[in-house]
Amino acid sequence: MIDSPWVTPSVEAILITVVTLLLLRNFADRKRTPFICQAMTFLGWLLGFSMVFLIPLDIYTTLNNGDQPEDALIYIWYVYYWGSFGLNWTILPFTVYYLEAGEFTWRGKAWYSIKRNAPWYALYALIFAGLCCILFLTE
């Protein structure tokens with residue numbers, strides 16, 4: 001048997017990708033649904049479904065290796081975390097308003113999306129600045 005830290009996650013990633021593609025093919029109307037919407041749905045489902053395999057794999061490697069996690073699994077968690085973060089806080093909200101816009105050009109749609117998301121991003125920046133000030137003052 002091949003003893004590599006990348007074998008199990010690779011097989012699981014292929015399996016999750018195939019299942020996600022089959023589900024998307026089954027539930028999405030490819031003629032009426034824009035490609036970008038299908039792509040965002042695929043990414044969201046793929047990241048969500050991968051938790052089913054990543055958590056048991058992480059527990060198994062922790063029990064076998066003790067406090068030394070495998071580098072491959074740490075890398076996979078970084079990709080998963082930052083991928084989910086970027087998708088949920090920037091890409092998906094932008095895409096929702098981009099597809100909702102009634103503008104005729106891609107620049108007009110992008111500008112509409114930025115204007116609709118700007119209050120939320122300003123609120124996030126304000127909260128982040130407040131938390132940084134609290135951390136700075138308490139240390």
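**Note on salt bridges, cysteines and the nonpolar core**

1. With a relative accessibility of 33%, D29 falls into the partly exposed class. This value, like the others in this note, is computed from a predicted model. The partner of D29 in a salt bridge is R32, and the two side chains meet at 2.7 Å, taken from N to O. R32, for its part, counts as exposed, since its relative accessibility is 72%.

2. A search of the whole structure finds 2 salt bridges, and besides the pair formed by D29 and R32 there is one in which the side chains of E100 and R116 meet, with an N to O distance of 3.5 Å. This pair links distant parts of the chain, because E100 sits in helix α3 while R116 belongs to helix α4, which covers residues 106-138, and the two residues are 16 apart. E100 is partly exposed, with a relative accessibility of 45%, and R116 is likewise placed in the partly exposed class, at 35%.

3. How many disulfides does a search of the whole structure find? The search returns 0, and C132 in particular takes part in none, the nearest cysteine sulfur being that of C133, at 7.1 Å. Seen from the other side, the sulfur of C133 has its closest cysteine sulfur in C132, and the 7.1 Å between them is too far for a bond, because a disulfide requires the two sulfur atoms to lie within 2.5 Å. As for their surroundings, C132 counts as partly exposed at 35% relative accessibility, and C133 is also partly exposed, with a relative accessible area of 47%.

4. Which residues make up the largest nonpolar core? The core has 8 residues in all, namely M40, L47, L54, L57, L73, I76, Y80 and L87. Two helices, α2 (35-65) and α3 (71-100), each supply at least two residues of this core. As general background, nonpolar side chains in soluble globular proteins tend to be buried together.

5. One member of that core, L87, can be followed through its contacts in more detail. Leaving aside residues up to four places away in sequence, L87 touches M40, L43, G44, L47, L92 and P93. Among these partners, M40 and L47 are themselves listed in the largest nonpolar core. A reader new to the structure may therefore find L87 a useful place to begin looking at this core, of which L87 is a buried member.

Terms used: Residues are numbered from 1 along each chain as its sequence is written. This is a predicted model: local features need pLDDT of at least 70, side-chain atom pairs count only at pLDDT 80 or more; totals for chains, interfaces and linings use all residues. Side-chain values use heavy atoms; hydrogens and water are left out. Buried means under 20% relative accessible area, exposed over 50%, partly exposed in between (1.4 Å probe, protein chains only). A nonpolar core is a set of buried Ala, Val, Leu, Ile, Met, Phe, Trp, Tyr and Cys residues joined through side-chain atoms within 4.5 Å. Helices (H or I, at least four residues) and strands (E, at least two) are DSSP runs, numbered from the N terminus. Contact means heavy atoms within 4.5 Å. A salt bridge is a side-chain nitrogen of Lys or Arg within 4 Å of a carboxyl oxygen of Asp or Glu.
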